[in-house]
Amino acid sequence: MLQVALQFCEGIESEWLCGLGLSLLAVCRPLLVACCIQAVTLEVNDGNSTCIKAELSASFSITYNTSNSTRTVQVPLPDSTTVDTGSSSCSTGDRSSWLVAVFGPGHALRLSFSTNGSLYSVTNLTLQYNLSDTSIFPEAKSSDVVTVVSDSVGIWATSNTTYRCVSPTTFGLGGATVTFSDMRLEAYMPGNDLSPTESVCMADQGSTTAPPTTATPTTARTTTTAAPAPTPPGTPERGTYSLIKNNNTVCLLAQMGLQLNVSYFSLSQNKTIQELVNLTPNLTSASGSCEASSASLVLTQEQTITLNFTFTLNSTSNKYHLSGITLLANWSDATAPVTASNTSLDYLRSTLGRSYMCNAEQTLAVVPAFSLNTFRLQVQPFEVTTNQFATAEECRMDQDQMLIPIIVGAALAGLVLIVLIAYLIGRKRSHAGYQTI
């Protein structure tokens, strides 16, 4: 299309008319790309079984260098896209499963999946594009094959359910972006068809609208009483959670009270509400995994709430932190399962061989519609010995609270000292006023 426009300009003597044509092309090209986006179906098979299946539409926005400027192109994923069976794989356990889709001369889209038994997620999104393809990258300065990667995707679902996201969702990968829409996919499939049970993305939940209602004219006077506001649940009970390795030794310890602060569309109230929900320890089970540089703690309450914590260790600095939180809640009052995920967090930072402790209430922001409140928290996801917490590194809020009584005590002591000095000076002056007769 761009080449046609340039040829068109060569035959036009008027510069302003040529500029107008190119401006219209710049405006219309994204619209034309959007119209050309078609859904593709991709499957990864292991013998006669399907382990990954995806039905989706995708488009790419790629910025590249020409001889004297930069240019951005919009590229739809064509319906001729196929699965690279040599690079795609079905795996279990700690190994990742891969879906590799190839299109055109040297272009590829790769998605890697992992699971902890309760959830599966896209842990890596990779785009490869070939700048020597002049039909997509005219006048490109380089002819390299470029690979860009994103490790923070946020696509996840409960095992044995289909991830569904109709709304367009864009992910940044270096100098490119990938936009998915009309997406339905499932990994680690028990059968060959997508599960009818769906885990709906947050974007689709946010776009849910209430059905319209029609008012009936009446002359009778009615009185509407607002529903009472829900009673706050109070401070959550502190629970103790642990993970045990195959040799019956504890590899992760956690003690904390947890409170969900989540927004969702309520069927009974016909609007989006914000609710506080406490996790009840005696109704909550713990599972997960302990690896050399990562650990996962999955808390499940009565099959209605699943909360996944991911801890990451930096072996260079010997520091660990909470890098990801994922929530899945199935509430009868919600229009769909409530989901939220963020895998690029930086909370609860501490040193390897020590625990992290914070008795004060903390609010861990995950996504705009979900945050997690913690109370009396102590956690150690690595190097647990003797099944007990190691020496704790306290959060700044606890340190500040310890400083307050010290400061107040010092201030009171200073005040008493000032009063005492003033008293002694006053007494000395009063004695100086008497004279011997």
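Is Leu 420 buried, partly exposed or exposed? Let's work through that and a few more exercises.

This is a predicted model, in which local features need pLDDT of at least 70, side-chain atom pairs count only at pLDDT 80 or more, and totals for chains, interfaces and linings use all residues. Residues are numbered from 1 along each chain as its sequence is written, and side-chain values use heavy atoms, with hydrogens and water left out.

**Exercise 1. Place Leu 420 and describe the patch around it.**

Step 1: Get the scale straight. Buried is under 20% relative accessible area, exposed is over 50%, and partly exposed is in between (1.4 Å probe, protein chains only).

Step 2: Leu 420 has a relative accessible area of 46%, so it is partly exposed.

Step 3: Find its element. Leu 420 sits in helix H4, residues 396-432. Helices (H or I, at least four residues) and strands (E, at least two) are DSSP runs, numbered from the N terminus.

Step 4: Look at the company it keeps. Leu 417, Leu 420, Ile 421, Tyr 423, Leu 424 and Ile 425 make a nonpolar surface patch of about 590 Å². Patch residues have over 30% relative accessible area and no salt bridge; like charges are joined within 9 Å, and nonpolar side chains (Val, Leu, Ile, Met, Phe, Trp, Tyr) within 5 Å. The areas come from the Shrake-Rupley method with a 1.4 Å probe, and for residues only the protein chains shown count as cover.

**Exercise 2. Explore the largest cavity and say what lines it.**

Step 1: Know the term. On a 1 Å grid over the protein atoms alone, a cavity is a set of points where a 1.4 Å probe fits but cannot get out, and lining residues have an atom within 4 Å of a point.

Step 2: Searching the whole structure turns up 2 cavities of 30 Å³ or more. The largest holds about 50 Å³ of space.

Step 3: Pick out the lining, which includes Phe 60, Val 75, His 107 and Gln 128. Strands S2 (49-65) and S7 (119-130) each give at least two lining residues, and S7 has the largest share, with 3 residues.

Step 4: Sort the lining by type: 8 nonpolar, 2 polar and no charged. Here Ala, Val, Leu, Ile, Met, Phe, Trp, Tyr, Cys and Pro count as nonpolar, Asp, Glu, Lys and Arg as charged, and the others, Gly among them, as polar.

**Exercise 3. Track down the salt bridges and the parts they link.**

Step 1: A salt bridge is a side-chain nitrogen of Lys or Arg within 4 Å of a carboxyl oxygen of Asp or Glu. The structure holds 7 of them.

Step 2: Try Lys 53 and Glu 43, whose side chains meet at 3.6 Å, N to O. Lys 53 is in strand S2 and Glu 43 in strand S1 (residues 40-46), so the pair ties together parts 10 residues apart in sequence. Lys 53 is buried at 12% relative accessible area, while Glu 43 is partly exposed at 30%.

Step 3: Now take Glu 198 and Arg 164, which meet at 3.2 Å, N to O. This pair links distant parts of the chain, with Glu 198 in strand S13 (residues 198-200) and Arg 164 in strand S10, 34 residues apart.

Step 4: Finish with Asp 346 and Arg 349, bridged at 2.8 Å, N to O. Elsewhere, salt bridges that share partners join Glu 55, Arg 164, Arg 184 and Glu 198 into one network.

Note on methods. 1 Å grid on protein atoms, 1.4 Å probe; cavity = no way out; pocket = protein on both sides within 12 Å on 5 of 7 lines; lining within 4 Å. Points joined across faces, edges and corners; volume = space filled by probe spheres on them.
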